[in-house]
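Grab a pencil and open the viewer next to your notes. We'll work through a few exercises together, one small step at a time.

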Amino acid sequence: MTVPMGPPARGGRPPLTMIEHSPDPSRPDPAAHRRPSIAARIGSIGVNRAGALLLLLATAAAVVWANISTGSYHDLWETHLTVGVGDLRLDFTLHALVNDALMAIFFFTVGLEVRREFAIGELTSWSRAVVPVIAAIAGLVVPAVLFVLIASGTGHENAWGIVISTDTAFLVGALALIGPKASGRLRVFLLALAVVDDIGALSIIALFYTADFTPLPLLIAAAGLVGIYFTRYVRYGRGPIYATLAIVVWLSFLASGVHPTLAGVAVALLVPVYRPNRRDVEQALELARTFRQSPNSEYARLAANSLRESISINERLQSAYAPYVAYVILPLFALANAGVELSGEILSAALRSPLTWAIVVGLVVGKFVGVWGSAFVMKTFRWGEFGPGLTLDRIAGGAALCGIGFTISLFIVDLSIDDETAQNQARVGVLAASVIAFVLATAVFRLSDARRPEDDGGRTLVRPVDPSRDHISGPVDAPLTIVEYGDFQCEFCLKASGSIEEVRKELGDGLRYVWRHAPLERFHPNALAAAEAAEAAALQGKLFEFGRSLFADQEHQLPSDIIRRARELGLDVDRFEEDLVSPEVSARVRDDMLDAEAMDITAVPTFYINGQRHIGPYDAQSLIRALYATAGEDAAQSPRE
């Protein structure tokens, strides 16, 4: 069903929800066996894969161009551009404009991601972050050591920075192209690893590849950064202020001798990030309703500003710049930097060059040994948290992908090597390593998929019930167990909640019931917010009570309704609102969603009866029969209460 858009029930108008028919878990989805249209296939590519494909095409174009017409390729990128007024002038080559100016925007988006991960993302909790953090550090150190050992005596030992960093754009795009099914947890691991990897690479660029340092302009840059920090307190017109101060900071970095791309990172780390505040969302909805009742330009402006301000500027900027970075900046960078001449003489020299082999071994072998080796050690000694699905064979495929060091590797080639012949050999090494890493990762993922029996189709519960983690109703040591993956805005879950109550009345203390989150955001726009609200209520011991109140009125799940429910249940509302935007709550829901993805859960409710997936009707008697059919001998012989 679809509920019309409008304000809450007050005044007789329906609430602002759009509940569509979610998939019936007892029936197969006919669309799953239908071949997607060409338009659907193109639409499903996504920014990451499309950006990686464009990057690959631009690289191929650069190589072809540089070999067909070397002169025109180099002449274009050495074209001089002069911008200025009077005596104040900036003179750039087109190549420098791409590497120094456009790449500052790329590093700005990297900095935004770093800031977000530390504030509200995967790196907020040490127990979750320790695995990718240690893997990333090992993936920085091992390649650098191998490079120095192999390149020793060549005079290019200082170019070890070429092999330290993974190309995040290629990593994510390649994972989407060749990665295993249900790779969500591997993707989270690799993204967290890439963030730490980027921090290390940027720090190394700043510390080891800065020449002709002049400290005075950095004082101006510092003043600009202070201004950027305090701009968050300006009520209106922050965009032009941020833009002006960012340009001042970039010019100051350029004048200081510190590579100006690092200005993008410095600015990004000061851009505020926060999870949407329920009150701000509610205010935006109120203004939107006001505009609907009395449409005019003033209300339109207020509603648009309020909607925009309810999302942190960090996330707005990431969304705004992502297409430009993926579709314009990185392909232009590849076109300007990947033009390697591949004549027989050059390839022969590269094959004999210790520099080329140092790069290939550093990226392909060093990244794999560093990332997978550290993960193996941590898993063996049980350091850190490996979620279901994050197995060593899948980490091996991800570790192989980390050998694609394309963007920052080519970037550091120009910073660390002056000799043009050596630069060409280094670029050959970077391109060869990226190809080898991609092929190796493909082989590892295919072998991994072939060795595992289709992950048993999600028939077995991947995360055993853990009383210290799970939300359990009933005795924790009860002989019979039902685990439900559900969605508080799903009509089928509402129906199932009645069945569960009947089962509990029938079996009494013989049953433990576990709730886990699987919000279907595609069908239920309020489901994720409801799951996080229930998780915030769980921190005050009221998850099941809050869940029942959500099921009782599925059409009223706006922010104000969620706060009202918390108040009616006697929760500490101030603490509840703080928990709603905490990274712990969002991480808890996300972990359940990743488990659901790993088990190919596409419809809810999905039940696991004594650890085995239940297929078929979920009325009370069907569930009871399934409980006894899958129970051990002792449980099957225990009397019903």
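What follows is a set of exercises with worked solutions, all on a predicted model.

**Exercise 1. Work out the order of the strands in the open sheet, and find which strands stand at its edges.**

Step 1. Line up the strands. The open sheet is formed by five of them, in the order β3-β5-β4-β6-β7, and the pairing is mixed.

Step 2. Look for strands with a single partner. These are β3 (471–473) and β7, so one side of each has no neighbour in the sheet.

Step 3. Check the pairings of β6. Strand β4 (residues 480–486) runs antiparallel to β6, with four bridges between them. Within that pairing, Tyr-608 of β6 is the bridge partner of Val-483. With β7 (residues 612–613), β6 makes two bridges, again antiparallel. Here Ile-609 stands opposite Gln-612.

**Exercise 2. Decide whether the two faces of β6 are covered or open.**

Step 1. Start with a rule: in a regular strand, side chains alternate between the two faces of the sheet.

Step 2. Sort the residues of β6 (606–609) by side. Thr-606 and Tyr-608 go on one side, Phe-607 and Ile-609 on the other.

Step 3. Check burial, for which the cut-off is under 20% relative accessible area. All four residues are buried, so both faces of β6 are covered.

**Exercise 3. Find the unusual backbone spots around β6.**

Step 1. Know what is usual: most residues other than glycine have a negative phi, and most peptide bonds are trans.

Step 2. Walk through the loop between α24 (583–598) and β6, where Pro-605 sits. The peptide bond joining Val-604 and Pro-605 is cis, with omega of about 5°.

Step 3. Stay in that loop for Asp-600. Asp-600 is not a glycine, yet its phi is positive, about 60°. With a relative accessible area of 39%, Asp-600 is partly exposed.

Step 4. Now go past the end of β6. β6 and β7 make a hairpin with two residues between them, and Asn-610 in the turn has a positive phi of about 50°.

**Exercise 4. Describe the aromatic pair of Tyr-513 and Phe-544, then do likewise for Phe-546 and Phe-576.**

Step 1. Recall what you need: a pair of aromatic rings is described by the distance of the centres and the angle of the planes. The structure holds 21 aromatic pairs.

Step 2. Take Tyr-513 and Phe-544. Their ring centres are 6.1 Å apart and their planes meet at 50°, so this pair is tilted. Tyr-513 belongs to strand β5 (residues 511–517) and Phe-544 to helix α21 (residues 543–552), so to speak of distant parts of the chain is fair: they are 31 residues apart.

Step 3. Compare their surroundings. Tyr-513 counts as buried at 6% relative accessibility, while Phe-544, at 21%, counts as partly exposed.

Step 4. Move to Phe-546 and Phe-576. This pair is tilted too, with 5.7 Å centre to centre and 35° between the planes. The pair links helix α21 to helix α23 (residues 573–580), across 30 residues. Both rings belong to buried residues.

**Exercise 5. Which residues of α23 are buried, and which are exposed?**

Step 1. List the buried ones: Val-573, Phe-576, Glu-577, Asp-579 and Leu-580.

Step 2. See where they point. They cover an arc of only 160° around the axis, which puts them on the same side of α23.

Step 3. Turn to the other side, where Asp-574 and Glu-578 are exposed.

Step 4. Finish at the N-terminal end. Asp-572 caps α23 there, with a side-chain oxygen 3.2 Å from the backbone nitrogen of Asp-574.

**Exercise 6. Find the largest nonpolar core and the helix that gives the most to it.**

Step 1. Take the largest core, which has 113 residues. Among those with the most contacts inside it are Phe-147, Phe-189 and Leu-401.

Step 2. Pick the helix. Helix α7 (residues 184–208) gives the most, with twelve residues.

Step 3. Zoom in on Phe-189. Leaving aside neighbours within four places in sequence, Phe-189 is in contact with Val-131, Pro-132, Ala-135, Val-371, Leu-390 and Ile-395.

Step 4. Look elsewhere too. Apart from this core lies another, of 54 residues, including Ile-482 and Trp-515.

Notes: Residues are numbered from 1 along each chain as its sequence is written. This is a predicted model: local features need pLDDT of at least 70, side-chain atom pairs count only at pLDDT 80 or more; totals for chains, interfaces and linings use all residues. Side-chain values use heavy atoms; hydrogens and water are left out. Buried means under 20% relative accessible area, exposed over 50%, partly exposed in between (1.4 Å probe, protein chains only). Two strands pair if DSSP finds at least two bridges between them. Rings of Phe, Tyr and Trp (its six-membered ring) pair if their centres lie within 6.5 Å; planes under 30 degrees apart count as stacked, over 60 as edge-to-face and the rest as tilted. A nonpolar core is a set of buried Ala, Val, Leu, Ile, Met, Phe, Trp, Tyr and Cys residues joined through side-chain atoms within 4.5 Å. Contact means heavy atoms within 4.5 Å. The arc is that of the directions from the helix axis to the C-beta atoms. A polar contact is a pair of N or O atoms within 3.5 Å; within protein, one must be able to donate a hydrogen and the other to accept it, and residues adjacent in sequence count only if both atoms are side-chain atoms.
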